[in-house]
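Subject: Structure handover

Hello,

Here is the structure I promised to pass on. Please have it open while you read the notes under it.

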Amino acid sequence: MVEEIYQSTKQDREKWIEEKDYNLFNLESHKVFIDLLTDSGTGAMSDKQWSEMMTGDESYAGSQSFLKLKETINTITGFKFLLPTHQGRAAENVLFSALVKEGHVVPGNSHFDTTKGHIEFRKAHAIDCTIDEAFDSELIHPFKGNIDLQKLENVYQQYGKEKIPFTLITVTCNSSGGQPVSIENIRQVRDLSNQYEIPVFFDGARFAENAYFIKERETAFKDKTIKEIVLEMFSYGDGMTMSAKKDGLVNIGGFIALNNEELYKICGNFGIIYEGYLSYGGLAGRDLAALAQGLQESTEYTYLQSRIKQIEYLGNKLIEFGIPIQQPIGGHAIFVDAVKFLPHVPREEFPAQTLGIELYKEAGIRGVEIGTILADRDPETRENRYPKLELLRLAIPRRTYFQSHMDYIAVALKNIFDRRDEIKSGYEISWESEILRHFTVKLKKK
């Protein structure tokens, strides 16, 4: 479909964002010109996906659409057992209800906000074991999502298998800038985890994009198809969660895929409590059918090349303008280094959020802060946690915008960059929730 975009004035936008307590999540969509808040569920489905929706089997139990999705996921990932959920954080909720207990630690590569929230809600702790190279935005490293094996082994030795329910590998790693993880690193994590008898799970929201980078950057896999790479990648895991709203190419949905039948039964009980019956998990049959087709499409090289080249185009424009971004350019978004962009704004005044607000006022573009507000407070001390990177994420919806939109985004950021010295202060919090505050936080000018 074609959607009309409403062009507002800068004066309009300044008024609107102030009325919404400077929280970009609170804006109504018609007040946004180009929406880069997230790539989750915001893309366009294909003609084949729409045709699949017409065949949706809405049976409560044993739906043919479920069976089609189960077969697709088994073929693509190799995992035997499937539990659909209504979205990714619901999949986390079900799996973590079965595995994560008070006092546990969950190591991984820069857990995303909902993942960390689910862990901390259960009075457990997420431990970031990402390689140090990920936190230097100017450094070129092909796999900045990789897990540092020494950091991981230190966690294993300190806590042991009694306190570690699993290690979580996020592909691609969103919080470090949409950065991929190599097959070599995944294999090494699996081998190390086997030594300590610790399971390995994947957050596979952007698994297909991760496979694309493996094909492009890991020599041993340059002649493999995306589907072959995906199958090998997941062969080193015990299971996965997925927000299907990313590389599933659908507007709603998620799932858990597992190999262990006993764990599947335990998760199934939680799934019935929280999500619905085992074969629909909060989704309509037509959504299951569209997801099965979407997974087939997202694991084709031609689609992935088109998708990621668009993001590279925007990133290279920004680099030409001298704008500091996380490099190399990631898979689903551009991540602007807000500390380098706005060096005059103190960390306690949220420079990434400040930049996001400026971009909205400048051009009606909505991004999202991946920084101190998202990092939340330490559950014990209630002090702000300051992450190593303070980023403004511009997440590009799939199959939605054109090159002219990318040019518009780049020029808007350049306009702000040219007057960056004028921006000397940011914002402070006037109200926040106890967990996952960035969705609903209220701010005021400092």
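Below are my notes on one annotated lysine, the salt bridges, a buried arginine and a loop glutamate.

Please keep in mind that this is a predicted model.

**The annotated lysine**

I started from the record. An unreviewed UniProt entry places the feature "modified residue: N6-(pyridoxal phosphate)lysine" at Lys-246. In the model, Lys-246 sits in the loop that runs between strand E7 (239–243) and strand E8 (254–258). Is Lys-246 buried or exposed? Lys-246 is buried, because its relative accessible area is 12%, and buried means under 20%.

Which residues surround it? Setting aside neighbours within four places in sequence, Lys-246 contacts Asp-39, Ser-40, Ala-205, Arg-206 and Arg-398. With Ser-40 there is also a polar contact, side chain to side chain, at 3.1 Å.

**Salt bridges**

The count for the model is 35 salt bridges. I picked out three pairs.

- Glu-362 with Lys-10. Their side chains form a salt bridge at 3.9 Å, N to O. Glu-362 belongs to helix H14 (residues 351–363) and Lys-10 to helix H1 (residues 10–19), so this pair ties together parts that are 352 residues apart in sequence. Lys-10 is partly exposed, at a relative accessible area of 31%.
- Asp-337 with Lys-340. The closest N and O atoms of this salt bridge are 4.0 Å apart. Asp-337 counts as buried, because its relative accessibility is 5%. Lys-340 is partly exposed, with a relative accessible area of 35%.
- Glu-358 with Lys-361. The closest N and O atoms of this salt bridge are 3.5 Å apart. Both residues are in helix H14, and they are separated by about one helical turn because they are three residues apart. Glu-358 is buried, and Lys-361 is buried too.

There is also a network. Salt bridges with shared partners join Asp-39, Arg-206, Glu-209, Asp-247, Arg-307 and Arg-398. Asp-39, Arg-206 and Arg-398 are among the contacts of Lys-246 as well.

**A buried arginine without a salt bridge**

Side chains of opposite charge can pair when their charged atoms come close. Arg-13 has no such partner. Arg-13 lies in helix H1. Arg-13 is buried, yet has no salt bridge. How far away is the nearest side chain of opposite charge? That side chain is Asp-12, and the distance is 6.7 Å. A salt bridge needs the nitrogen within 4 Å of a carboxyl oxygen, so Asp-12 does not qualify.

What does the side chain of Arg-13 reach instead? One target is the backbone oxygen of Ser-8, at 2.9 Å. Another is the backbone oxygen of Lys-361, at 3.1 Å. Leaving out neighbours within four places in sequence, the contacts of Arg-13 are Ser-8, Tyr-360, Lys-361, Glu-362, Ala-363 and Gly-364. Two of these names appeared above: Lys-361 bridges to Glu-358, and Glu-362 bridges to Lys-10.

**A loop glutamate**

Last, Glu-432. This residue is in the loop between strand E13 (427–431) and strand E14 (442–445). From Glu-432 to Leu-443 the distance is 8.8 Å, C-alpha to C-alpha, with their positions 11 residues apart in sequence. Not counting residues up to four places away in sequence, Glu-432 touches Arg-377, Arg-437 and Val-441. Its side chain makes polar contacts with two arginine side chains: Arg-377 at 2.8 Å and Arg-437 at 2.9 Å.

Best wishes

Technical notes
Residues numbered from 1 in each chain as written. Predicted model: local features only at pLDDT ≥ 70, side-chain atom pairs only at ≥ 80, totals over all residues. Heavy atoms only, no water. UniProt positions renumbered as here; feature names shortened; annotations may be inferred. Helix = DSSP H or I, 4+ residues; strand = E, 2+ residues; numbered from the N terminus. Buried < 20%, exposed > 50% of the residue type's maximum accessible area, 1.4 Å probe, protein only. Contact = heavy atoms within 4.5 Å. Polar contact = N/O pair within 3.5 Å; in protein donor to acceptor, adjacent residues only side chain to side chain. Lys, Arg positive; Asp, Glu negative; His and termini not counted.
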